Amino acid sequence: MSRGTTLAFIAIPLLALSLAYYVQSSSSPLGPAPHLGTGLQLSLALSSLIGYAQAAVQAPFRFKTVEQPVQVAIDTNEYEYAPEPRPRFSRKIIAVGDIHGDIGNAERILQMAGVVDENNDWSGKVDVFVQTGDIIDRGDDTIELFNWLEDLREQALAVNGIVLSVLGNHEYMNAIGDWRYVLESEKKTFEPRESRLQAVTTGWLADAWAENYTTAARLPLHGLLGPPNTDYPVPDGSAFARANAGPLSHAAFSFVHGGLAPTYPNLQPFPSAINNLGSSLLHRLRERKPQPQPHPPSSYPGLPAGTTREEARLYGGDGPLWYRGWADEDEKKVCRTVDEVLEKTGTRRMVMGHTPQFDGITARCDGKVLIIDTGISHAYGGPLSALSIEYTLEPVKGGGWKEQEIVKALYATNDDELLAVSTRELEDLW
């Protein structure tokens with residue numbers, strides 16, 4: 001067969017099909033195909049025709065027989081087909097307690113724990129970094145510390161890392177106007193000096209606290225349970241409701257500055273019940289006009305007018321900012337009530353700062369209570385420490401999953417200390 005004959009053999013049917021498509025689309029109830037337009041339809045048909053014609057003319061025009069593989073009958077009953085490999089999940093978390101104005105020690109600890117590199121930038125070696133408040137007061141490095149942590153937040157986010165920041169009682173004290181622990185030398189780092197009051201009430205620091213800090217945090221250990229600060233109990237209809245009602249239900253840690261007292265009435269939903277109260281109280285503090293002068297030397301301004309009973313309770317002795325019962329009370333007593341709080345908050349362990357532990361990070365009640373303020377600021381001279389949490393969930397051959405938490409205290413000058421290990425066998429994740 002000649003190439004001309006072949007071209008005609010290919011081109012004529014294509015032209016007929018293209019014209020048929022055009023007529024059909026033009027007679028459609030919607031008119032010519034709306035996604036193409038009349039002119040574009042015709043040009044596409046012609047360009048298709050030209051392309052096929054060019055290919056027919058230019059090709060060597062030899063039909064090649066494709067050899068088919070030999071079909072072999074397989075008895076499927078003789079084989080057990082393994083499913084696709086189930087992924088192993090891991091998450092590394094580092095938490096640090098009260099920093100109190102000491103950027104030098106903070107940098108040393110975060111380098112030691114692998115949160116930052118030698119340039120004090122996010123290292124990418126951990127998944128989540130949590131700081132439990134009281135960055136401010138007792139030292140001079142307020143501006144440097146908060147700016148650095150905001151830089152780390154952005155750097156972490158760029159590589160799917162997370163920085164979780166919790167407010168301490170000293171951040172609230174500064175917003176209220178209680179400056180008893182503000183050093184004169186620290187005030188001088190603000191230019192002009194008077195700008196410090198604006199910074200902590202309505203300015204850049206107050207903005208950061210409102211946008212990037214919470215009063216409480218709930219950190220699920222696995223993504224199936226939701227992102228950080230997913231509420232427990234999970235609202236009906238949530239994409240995370242099923243996982244939070246299954247075997248992984250309480251696979252989460254809580255982080256607050258002081259502690260979650262058994263008597264505190266606003267533990268559910270956790271953490272939004274607490275965080276909503278914190279947000280409303282900080283908003284009231286921002287809205288004071290004029291802002292009161294700080295104490296000392298002025299008189300103590302107290303909570304703003306209109307503060308609700310629940311907001312006042314948040315800042316009270318058994319609120320999450322000031323409570324010390326988990327650290328100070330008899331261990332047998334606190335261990336009788338810890339499970340009740342963990343159950344309400346959808347967590348397995350609670351982490352807090354606030355009460356200095358000069359012998360190192362303290363684990364109570366089989367590691368269900370973790371107190372991580374070790375006085376790392378030069379104002380105290382305590383051991384430089386960080387809490388390490390390594391979580392893994394890996395498939396078991398033959399079915400099921402192995403879940404493990406390893407909790408350690410890391411020290412700059414002492415050996416690491418194992419605080420808790422928990423291993424669980426799960427048949428399924430749902």
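In which strand is R349 found? Strand β7, residues 349-352. Keep in mind that this is a predicted model.

Let's start with the sheet around that strand. Five strands form an open sheet, and the order is β5-β6-β7-β9-β8. The pairing is mixed. Two strands stand at the edges: β5, residues 216-220, and β8, residues 362-364. Each has a single partner strand, so one side of each is left without a neighbour in the sheet. From one strand to the next, the twist averages 20°.

Now the β5 end. β5 pairs with strand β6, residues 252-256. The sense is antiparallel, over five bridges. Within that pair, L219 stands opposite F253 of β6.

Next, a helix. Helix α13, residues 331-345, packs on this sheet. The helix touches β5, β7, β8 and β9, the last being residues 369-371. The direction of α13 makes about 105° with that of β7.

Back to R349. Is this residue buried or exposed? Buried: its relative accessibility is 6%, and the cut-off for buried is under 20%.

So what does the side chain of R349 reach? One partner is the backbone oxygen of D366, at 3.5 Å. There is also a polar contact with the side chain of E405, at 2.9 Å.

What else is R349 in contact with, leaving aside neighbours within four places in sequence? The list includes A252, F253 and S254. L342 is on it too, along with G367, K368 and L370. Further along the chain come V407, A420 and S422.

To close, look again at F253: that residue stands opposite L219, and F253 is also in contact with R349.

Note on methods: Residues are numbered from 1 along each chain as its sequence is written. This is a predicted model: local features need pLDDT of at least 70, side-chain atom pairs count only at pLDDT 80 or more; totals for chains, interfaces and linings use all residues. Side-chain values use heavy atoms; hydrogens and water are left out. Helices (H or I, at least four residues) and strands (E, at least two) are DSSP runs, numbered from the N terminus. Buried means under 20% relative accessible area, exposed over 50%, partly exposed in between (1.4 Å probe, protein chains only). A polar contact is a pair of N or O atoms within 3.5 Å; within protein, one must be able to donate a hydrogen and the other to accept it, and residues adjacent in sequence count only if both atoms are side-chain atoms. Contact means heavy atoms within 4.5 Å. Two strands pair if DSSP finds at least two bridges between them. Axes are lines fitted to C-alpha atoms, for helices over the stretch in contact, and angles run from 0 to 180 degrees between N-to-C directions.
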